Amino acid sequence: MRSHARLLAAALVAASLPLLGPAGHASAAEPVEVRADWGRTAAPDGVLKRGCKRYAYRYRLTVPTDDWEVEVKIKDPKGHKVASTYLLSDSEEPTGGLRFRLCGVASSPGRFTIKAKVSVWDGWDEEEGRLPNSHFRLRRP
């Protein structure tokens, strides 16, 4: 009887593994589609200054509704996140400019990447997309 209980328990665990994905974690969300028609981000090339300084970037949204949010992440040449922010339709314009703070000692010169994930709502319906990544370079002085 005990061996039947073990077999049943093993079968239940094995059946749940495809739902959990690798290492027993919930499976990753489906990749979010790049939506170039929803807008873009940009930043000028510049100099990675000594100390902690502020650097500018811009965004322009052309999303299909007036109810949106954007998660912006800026990654350094090694792929580490060095800045992030959330833009909300309740408090931000669909076009604007922002600044992020970066300390030269904590980063290295090279090609930086701006990533932006957008969520829009039409009533209760939510749709997600990503703006195309944009890049800028910060060089040594």
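**Figure 1. A salt bridge around the buried residue Arg 35.** In this predicted model, Arg 35 is buried, because its relative accessible area of 16% falls under the 20% that marks a buried residue. The side chain of Arg 35 meets that of Glu 127 in a salt bridge, with 2.9 Å from N to O. This pair links distant parts of the chain, since Arg 35 belongs to the loop between helix 1 (2-20) and strand 1, while Glu 127 belongs to strand 8, 92 residues apart. Unlike its buried partner, Glu 127 is partly exposed, with a relative accessible area of 37%. The view also takes in Asp 37, which is linked with Arg 35 and Glu 127 in a network of salt bridges. Side chains of opposite charge can pair when their charged atoms come close.

**Figure 2. Two further salt bridges, one of them between strand 7 and strand 8.** The structure holds four salt bridges, and this view turns to two that do not involve Arg 35. Glu 128 forms a salt bridge with Lys 117, and the closest N and O atoms of the two are 3.8 Å apart. Here too distant parts of the chain are linked, with Glu 128 in strand 8 and Lys 117 in strand 7, eleven residues apart. Glu 128 is partly exposed, with a relative accessible area of 35%, and Lys 117 likewise counts as partly exposed, at 32% relative accessibility. In the other pair, Glu 71 forms a salt bridge with Lys 73, the closest N and O atoms lying 3.7 Å apart. Glu 71 counts as partly exposed at 23% relative accessibility, and Lys 73 is partly exposed as well, with a relative accessible area of 28%.

**Figure 3. The two faces of strand 4 and its neighbours.** Strand 4, made of residues 67-75, has a covered face formed by Trp 68, Val 70, Val 72 and Ile 74. The uncovered face of strand 4 carries Asp 67, Glu 69, Glu 71, Lys 73 and Lys 75, so the pair Glu 71 and Lys 73, joined by a salt bridge, belongs to this uncovered face, where both residues are partly exposed. Strand 4 runs antiparallel to strand 7 (residues 110-122), and nine bridges join the two; in one of these pairings, Glu 69 has Ser 119 of strand 7 as its bridge partner. Strand 4 also runs antiparallel to strand 5, to which it is joined by seven bridges, and the bridge partner of Val 72 in strand 5 is Thr 85. Strand 4 and strand 5 form a hairpin with five residues between them, and in the turn Gly 79 has a positive phi of about 90°.

**Figure 4. The open sheet of five strands.** The order of the strands in this open sheet is 2-8-7-4-5, and their pairing is mixed. Strand 2 and strand 5 stand at the edges, each with a single partner strand, and so one side of each is left without a neighbour in the sheet. Within the sheet, strand 7 and strand 8 (residues 125-139) run antiparallel and are joined by twelve bridges, among them the pairing of Asp 122 with Asp 125 in strand 8.

**Figure 5. Strand 1 beside strand 3.** Strand 1, residues 39-42, has Gly 39 and Thr 41 on its covered face, whereas Arg 40 and Ala 42 lie on the uncovered one. Strand 1 and strand 3 run antiparallel and are joined by four bridges, and Ala 42 stands opposite Arg 58 of strand 3.

**Figure 6. Two charged patches on the surface.** In the patch of negative charge, Asp 66, Asp 67, Asp 90, Asp 122 and Asp 125 gather on the surface; two of these residues, Asp 122 and Asp 125, are the bridge partners seen between strand 7 and strand 8. Asp 90 has its place in the loop between strand 5 (81-88) and strand 6 (95-103), and it is exposed, with a relative accessible area of 76%. The patch of positive charge gathers Lys 49, Lys 53, Arg 54, Arg 99 and Arg 101, and strand 3 (52-61) and strand 6 each supply at least two of its residues. Lys 49 lies in the loop between strand 2 (46-47) and strand 3, where it counts as partly exposed at 41% relative accessibility.

Technical notes:
Residues are numbered from 1 along each chain as its sequence is written. This is a predicted model: local features need pLDDT of at least 70, side-chain atom pairs count only at pLDDT 80 or more; totals for chains, interfaces and linings use all residues. Side-chain values use heavy atoms; hydrogens and water are left out. Patches are made of residues with over 30% relative accessible area and no salt bridge: like charges are joined within 9 Å, nonpolar side chains (Val, Leu, Ile, Met, Phe, Trp, Tyr) within 5 Å. Accessible areas come from the Shrake-Rupley method with a 1.4 Å probe; for residues, only the protein chains shown count as cover. Lys and Arg count as positive and Asp and Glu as negative; His and the chain ends are not counted. The place of a charge is taken as NZ of Lys, CZ of Arg, CG of Asp or CD of Glu. Buried means under 20% relative accessible area, exposed over 50%, partly exposed in between (1.4 Å probe, protein chains only). Two strands pair if DSSP finds at least two bridges between them.
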